Amino acid sequence: MLVLWDPQRFQAVVDDDTWEEELLEDEDIAGHIQAGSLVPLNIGADGAFGVLVRSGTAATPAMLTGRETDHHLVASQPYLFVSRGRALVSGIEHVSADVPDGVLEHRVPAGPCTVVVHLIDWQAEADSQDKNGQPLPGALPDFVVLINPAQPGQETFRTAVNTFDPPDS
């Protein structure tokens with residue numbers, strides 16, 4: 001599972017035992033989601049996914065581009081992320097006090113933010129992949145994560161470990 005997380009909130013995670021105490025079970029993860037320290041990018045499948053994080057301000061909120069909108073599949077309900085100025089994106093196994101190399105880092109406004117995760121059908125865009133189905137340079141990502149300051153009075157946030165509701169039967 002990919003997650004967006006606040007590195008300062010996981011300073012107690014220093015080895016396998018402390019990681020398991022904090023993040024092994026779904027109810028542990030849900031507690032961190034409710035606290036605003038972690039947002040799942042979880043579609044219930046493993047894989048290598050492209051992620052783009054974009055943050056905005058109250059005056060200029062982060063939004064999808066036209067290309068992203070054209071290939072948009074689904075958006076999550078807003079998650080709470082209480083920012084201290086930065087957000088990391090990695091596999092959940094990398095969440096710890098010692099941030100490994102290769103983790104995506106993004107500066108975000110400090111304070112309570114809303115995070116909406118968008119799933120993009122990048123493969124539907126013409127000329128986005130090579131003959132082996134791999135993304136070409138400039139291809140859209142699998143996920144676009146938009147982070148914006150929370151609106152005053154916003155009190156309801158998604159707390160589910162699965163980022164998206166299942167499709168209607």
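# Exercises on a predicted structure

There are 2 aromatic pairs in the structure. The model examined in these exercises is a predicted one.

## Exercise 1. The pair W5 and F10

Task: Determine which class of aromatic pair W5 and F10 form, and state whether these residues are buried or exposed.

Solution.
- Step 1. The ring centres of W5 and F10 are 6.0 Å apart. Ring centres within 6.5 Å count as a pair.
- Step 2. The angle between the two planes is 80 degrees, so the pair of W5 and F10 is edge-to-face. The cut-off for this class is an angle over 60 degrees.
- Step 3. As to their surroundings, W5 and F10 are both buried.

## Exercise 2. The pair F49 and F143

Task: Describe the geometry of the pair formed by F49 and F143, and explain which parts of the chain the pair ties together.

Solution.
- Step 1. F49 and F143 lie 5.6 Å apart, centre to centre, with 70 degrees between their planes; this aromatic pair is edge-to-face.
- Step 2. F49 belongs to the loop between β2 (38–41) and β3 (51–55), while F143 belongs to strand β9 (residues 143–149); the pair therefore ties together parts that are 94 residues apart in sequence.
- Step 3. F49 has a relative accessible area of 28% and is partly exposed. F143 has a relative accessibility of 0% and counts as buried.

## Exercise 3. A second residue of strand β9

Task: For V145, find the element that holds this residue, the class of its accessibility and the separation of its C-alpha atom from that of V116.

Solution.
- Step 1. Strand β9 contains V145.
- Step 2. The relative accessible area of V145 is 0%, so this residue is buried. The limit for this class is under 20%.
- Step 3. Along the chain, V145 and V116 are 29 residues apart, and their C-alpha atoms are separated by 5.9 Å.

## Exercise 4. The salt bridge of D6 and R84

Task: State how many salt bridges are counted, then work out which parts of the chain are tied together by D6 and R84.

Solution.
- Step 1. The count of salt bridges is 6.
- Step 2. One of them is formed by D6 and R84, whose closest N and O atoms are 3.8 Å apart. The cut-off for a salt bridge is within 4 Å.
- Step 3. D6 is in the loop between β1 (2–5) and α1, and R84 is in the loop between β5 (79–83) and β6; the pair therefore ties together parts that are 78 residues apart in sequence.
- Step 4. D6 counts as buried at 1% relative accessibility, whereas R84 is partly exposed with a relative accessible area of 48%.

## Exercise 5. The salt bridge of E125 and R67

Task: Give the distance between the closest N and O atoms of E125 and R67, and locate both residues in the chain.

Solution.
- Step 1. In the salt bridge between E125 and R67, the closest N and O atoms are 2.7 Å apart.
- Step 2. E125 is in the loop between β8 and β9 and R67 is in helix α3 (residues 66–70); they are 58 residues apart, and the pair links distant parts of the chain.
- Step 3. E125 is buried, with a relative accessible area of 16%. R67 counts as partly exposed at 37% relative accessibility.
- Step 4. The loop between β8 (111–120) and β9 also holds D127. D127 has a positive phi of about 60 degrees although this residue is not a glycine. At 73% relative accessibility, D127 counts as exposed.

## Exercise 6. A network of salt bridges

Task: Identify which residues are joined into one network by salt bridges that share partners.

Solution.
- Step 1. R107 and E105 form a salt bridge, with 3.6 Å between the closest N and O atoms.
- Step 2. R107 counts as exposed at 57% relative accessibility, and E105 is partly exposed with a relative accessible area of 38%.
- Step 3. R86, E105 and R107 are joined into one network through salt bridges that share partners.

## Exercise 7. A charged surface patch

Task: Name the residues of the negative surface patch, and place D17 in its helix.

Solution.
- Step 1. The negative surface patch is formed by D15, D16, D17, E20 and E21.
- Step 2. Helix α1 (residues 16–23) contains D17.
- Step 3. D17 has a relative accessibility of 53% and counts as exposed.

How values were computed: Residues are numbered from 1 along each chain as its sequence is written. This is a predicted model: local features need pLDDT of at least 70, side-chain atom pairs count only at pLDDT 80 or more; totals for chains, interfaces and linings use all residues. Side-chain values use heavy atoms; hydrogens and water are left out. Rings of Phe, Tyr and Trp (its six-membered ring) pair if their centres lie within 6.5 Å; planes under 30 degrees apart count as stacked, over 60 as edge-to-face and the rest as tilted. Buried means under 20% relative accessible area, exposed over 50%, partly exposed in between (1.4 Å probe, protein chains only). Helices (H or I, at least four residues) and strands (E, at least two) are DSSP runs, numbered from the N terminus. Patches are made of residues with over 30% relative accessible area and no salt bridge: like charges are joined within 9 Å, nonpolar side chains (Val, Leu, Ile, Met, Phe, Trp, Tyr) within 5 Å. Accessible areas come from the Shrake-Rupley method with a 1.4 Å probe; for residues, only the protein chains shown count as cover. A salt bridge is a side-chain nitrogen of Lys or Arg within 4 Å of a carboxyl oxygen of Asp or Glu. Lys and Arg count as positive and Asp and Glu as negative; His and the chain ends are not counted. The place of a charge is taken as NZ of Lys, CZ of Arg, CG of Asp or CD of Glu.
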